[in-house]
Amino acid sequence: MAKVLVVAEIKKGNIKSSTTELLSKAKSLGAEAATVAIGADVGALAPELANAGSDTQYILEDAGMAFFSAGPYASAVVDAAKQFEADLIWFGFSESGKAMAPRVAAQLDAACATEITDIDLSGKHVEVIRPAITNKVMQRVKVNTPKLVAVVRAGAFEADTGITGSENVVKLAAPEADLKAVIEELVSEASGEIDLADADVVVSVGRGAKDQAGIDLVRELANDLNAGFGSSRAMVDGGFMAHNKQVGQTGKIVAPTLYIAIGISGAIQHLAGMNGSKVILAVNKDPEAPIFNVADYGIVGDLFEVVPLLREEIAKQKRKR
Amino acid sequence: MKILVTAKKVVDVELTMHVQDGAIVQDGMQYVINAWDESAVEAAVQLKESHGAETTLVSVGGGDNSDMIRRCYAMGIEQGIHIEDPALAKADSSIYARVLQKVYEKGDYDLILTGKQAQDTDSGQTGIILAEYLGLPCVSNVVGIDVVDDQHIQVSRSGDSGTEIVSLELPAVVNVDVSINEPRLPQMRGIMMAKKKKIDVMDLAGLGTSADAVNSASPKSEVLEFMPTETRKGGQKFEGDAAEITAKVVELLANEAKAL
């Protein structure tokens, strides 16, 4: 039986959906699943982690771990992996996951695969599927090492609410702080704004909105839907939207239930950032815009005309309930 | 300050790709410098201009990289090393990292700058694994670099909860994101000068190492085949009267897609 260690993704005291999804996948593969949770205040999450499918909860709770620091966090994961004798170590798709995974792999002399969309444990070697060349192709990769560290694409695995585990807490000793890489400050993203990576609905604005007036118009739509408000690279480069709003290969990768692209042409780097969305709606003046090749529903039209209509129609739908 | 900056030659991702019989069709492929490494090169040149840093570029594999390396010279890089060896044909991130380790150990560098990922593999591992092998502090996804003094830099990293400001003791490895800068276009004078500049091309033996020393026969993973990306199914596109089609689409979103 394979042993999977899932590195819990915790934000503001909440366990993110990736953790549950990864645990569900582990259990569906017939593997034994454990979690490792690291932070200043994570001990209380053990029951919830057990509920989500973890049979052993490695907990590193220490004031020194309040802020993410790749070195010490990776050390804690390696500690848990060794204690659990994990074959597979999985991270959710986050900046911290991407920073930790190669370190953990190097320390365990294991292969590392990033953004995997599937995994096959049935053969003599573990195989994973992952995208390459800016998501233009997929690759099937053979793992040659006994252990594999993987970062899983957002939304690649489904959460199974029927899965459950058992509470079995193992406390980890705090690793040494990284004295050569010291986090001085965390400049938080504007509070009150919905985190794109967590949002169920994301509305993104592109070059078609032209300027601040257009941006404000689209933001109204996002507000109506209680959605995360994102951007294509064009509007970030143009100085209209902050960099942390950029959806795309060089920005945030999102996989919400509904992604609404307004005035976005659909450059491959942008598509790489939202291709995993469940449902995509696109509005663009150009019927040939590449975004229509991936949108489930496309409206060819002027966003300045369509967005107010969308808001109206959506309000009508809400009233129907 | 002595900077070692990496550059990988990669396929131009803007091109249409074909997957045939599990492989990517090679005809008509164009190669460019990995966009993330280009930003690393720009960052190195900026540090040269602001702090008098000495810059050395290293590229591993890729066949004839002279165009790419000369472009970096034209941007302002002073020295270029290209490691090419048949033993590296199946190199994975850990093998590249071993080779880069050997290059680093032959010099006297204070800072290693790399792009955070390569646009062909999108792996994002080599720079971090290199730091592990060298036992150096490392920060990834860096969007800003400030020199504090000869021994310290401060970087801004785009993290999950916001921007992290991290102080690093040199020598260190910094993996940059493209948002850190806009790489300059080489100017005619730089291009002309670059044509005459020497590139240090060597194989593993020339580097003072060997296939065994970099474990090149044992990649930790290998690509078995390429497949086309699954295209999304469905896709209804509506043209016509804005009010009508918008009403139709919202109705579909609510009742067909159950997304509202």
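Here is a short chat about a predicted model and how its chains and domains meet.

Colleague: What does the secondary structure of chain B come to?
Modeller: Just for orientation, the C-alpha trace of chain B spans about 65 × 45 × 40 Å along its principal axes. As for the secondary structure, chain B comes to six helices and 15 strands.

Colleague: How much of chain B do buried residues make up?
Modeller: Buried here takes 20 or more other C-beta atoms within 10 Å of a residue's own. Chain B has 260 residues, and the buried share is 46%.

Colleague: How many residues does each domain of chain A give to the contact between them?
Modeller: The assignment puts domain 1 of chain A at 3-171 and domain 2 of chain A at 201-320. Their C-alpha centres lie 31 Å apart. The contact takes seven residues from domain 1 of chain A and 10 residues from domain 2 of chain A.

Colleague: Which class has 35 residues on the side of chain A that touches chain B?
Modeller: Chain A and chain B each put 67 residues into that contact. Elements giving two or more residues on the chain A side include α4 (95-108), β10 (137-143) and α8 (303-320) of chain A. By class, that side has 16 polar, 16 charged and 35 nonpolar residues, and the class you're after is nonpolar.

Colleague: What is the bridge partner of Val141(A) in β14(B)?
Modeller: Start from the strands: β10(A) pairs with strand β14 (residues 221-228) of chain B, antiparallel, over seven bridges. Within β14(B), the partner of Val141(A) is Val223(B).

Key:
Residues numbered from 1 in each chain as written. Chains lettered and ligands numbered in written order. Predicted model: local features only at pLDDT ≥ 70, side-chain atom pairs only at ≥ 80, totals over all residues. Helix = DSSP H or I, 4+ residues; strand = E, 2+ residues; numbered from the N terminus. Buried ≥ 20, exposed ≤ 12 C-beta atoms within 10 Å, placed from the backbone. Domains from an automatic or database assignment. Contact = placed C-beta atoms within 7 Å. Nonpolar A, V, L, I, M, F, W, Y, C, P; charged D, E, K, R; others polar. Pairing = 2+ DSSP bridges.
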